[in-house]
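Colleague: I have a new model open and want to learn how to read it. Can we go through it feature by feature?

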Amino acid sequence: MVLALALPLLAAVPAQAQPHPAAPAYSAPATATVTEGQIREVARGGVLTYPSVTSCLTVTVRLRGGGLVGAHASLFQVPGELRSDEILPALRKAVAGRPVAAVEVRGAVGAWHPGYFTRAIEAYGDGEAIPQPQGRDFDGLAKAVALGLKQPRATVTVEDVPDGDQVVR
């Protein structure tokens, strides 16, 4: 009799959600090569290599929890890769709201106009004037990167570096 009374009560109580096994967490590699128009991530203590940085800029986000997320921004789009006006939104998405300790911009500072991060050279049509860099605009690039990544300007540093491979630890 008690069982007969308990069954309707049990049926009226919604079933508890059963815990689902967690999806495997993404495990960033220890090393990654970031070529033009790409974004890559490495784990705490990892190393990012940006090969052949000549007219490019690299943007490395140092995460507070360790690890690096890097983007290799190219003046001209490499087929199949991100344009300069796509790189910061994609990098922001890759960081995915994780706390940022610092953002380091390195490369051919004198070849870049800050506006290339919001409108790529390829986006200009025939007859449209493409903005030209006026010297090395460290502050303008830092502001553009901070805005694109939605980070405080104070977290962004910009460094003009000679041509070649960049290795960030």
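**Reading the fold, step by step**

Modeller: Start with one spot on the chain. Lys-150 lies in the loop between helix 3 and strand 7. Keep in mind that this is a predicted model.

Colleague: What is the sign of phi at Lys-150?

Modeller: The general idea comes first. Most residues other than glycine have a negative phi. Here, Lys-150 has a positive phi of about 55°, although it is not a glycine.

Colleague: Is Lys-150 buried or exposed?

Modeller: Lys-150 has a relative accessible area of 62%, so it counts as exposed.

Colleague: Which residue besides Lys-150 should I check for phi?

Modeller: Take Ser-52. Its phi is near 50°, again a positive value in a residue other than glycine. Ser-52 sits in strand 3, which spans residues 47-53. Its relative accessibility is 44%, so Ser-52 counts as partly exposed.

Colleague: Now the overall layout. How many helices and strands does the protein have?

Modeller: There are 3 helices and 8 strands. Along the sequence they follow the pattern α-β-β-β-β-β-α-β-α-β-β.

Colleague: How do I read a sheet?

Modeller: Strands of a sheet pair through backbone hydrogen bonds, either parallel or antiparallel. Read the strand order next, then the edges. One open sheet here has 5 strands in the order 2-5-4-6-7, with mixed pairing.

Colleague: Why is one side of strand 2 and of strand 7 left without a neighbour in the sheet?

Modeller: Strand 2 (39-42) and strand 7 (156-160) stand at the edges, and each has a single partner strand, so one side of each has no neighbour in the sheet. From one strand to the next, the twist averages 20°.

Colleague: Show me one pairing inside that sheet.

Modeller: Take strand 4 (residues 57-63) and strand 5 (residues 68-73). They run antiparallel and are joined by 6 bridges. Look for Val-61: its bridge partner in strand 5 is Val-69.

Colleague: What is the strand order in the 3-strand sheet?

Modeller: That open sheet has the order 1-3-8, and its pairing is mixed. Strand 1 (31-33) and strand 8 (164-168) are the edge strands, each pairing on one side only. The twist averages 15° from one strand to the next.

Colleague: In which direction do strand 1 and strand 3 run?

Modeller: They run parallel, with 3 bridges between them. Thr-33 has Thr-49 as its bridge partner in strand 3. Recall that strand 3 also carries Ser-52.

Colleague: Which strands does helix 2 lie across?

Modeller: Helix 2 (residues 84-95) lies across strand 2, strand 4, strand 5 and strand 6 (100-107). Its angle to strand 5 is about 170°. Helix 3 (residues 138-149) lies across strand 4, strand 6 and strand 7. It runs at about 135° to strand 7.

Colleague: What should I look for in the interior?

Modeller: In soluble globular proteins, nonpolar side chains tend to be buried together. In this case, 37% of the 169 residues count as buried. The largest nonpolar core has 29 residues. Val-61, Phe-117 and Val-145 have the most contacts inside it. Strand 4, strand 5, helix 2, strand 6, helix 3 and strand 7 each give two or more residues to this core. Helix 3 gives the most, with 6 residues.

Colleague: What is Val-145 in contact with, leaving aside its neighbours within four places in sequence?

Modeller: Val-59, Leu-88, Val-103, Val-105, Phe-117 and Val-156. Apart from the largest core lies another, of 9 residues, including Leu-48, Val-53, Cys-56 and Val-168.

Colleague: How do sequence-distant contacts figure here?

Modeller: Take the contacts with a separation of 6 or more. Residues 24 or more positions apart account for 65% of them.

Colleague: And the aromatic rings?

Modeller: Check ring centres and plane angles. The count comes to 2 aromatic pairs. Trp-112 and Phe-117 form a stacked pair, 5.2 Å centre to centre with 25° between the planes. Both Trp-112 and Phe-117 are buried. Together with Tyr-116 they form one aromatic cluster.

Colleague: Which ring has the charged end of Arg-119 over it?

Modeller: The ring of Tyr-124. The charged end of Arg-119 is 3.9 Å from the centre of that ring.

Conventions:
Residues numbered from 1 in each chain as written. Predicted model: local features only at pLDDT ≥ 70, side-chain atom pairs only at ≥ 80, totals over all residues. Heavy atoms only, no water. Pairing = 2+ DSSP bridges. Helix = DSSP H or I, 4+ residues; strand = E, 2+ residues; numbered from the N terminus. Axes fitted to C-alpha atoms, helices over the stretch in contact; angles between N-to-C directions. Contact = heavy atoms within 4.5 Å. Core = buried A, V, L, I, M, F, W, Y, C linked by side-chain atoms within 4.5 Å. Buried < 20%, exposed > 50% of the residue type's maximum accessible area, 1.4 Å probe, protein only. Phe/Tyr/Trp six-rings, centres within 6.5 Å; stacked < 30°, edge-to-face > 60°. Lys NZ or Arg CZ within 6 Å of the ring centre and 35° of its normal.
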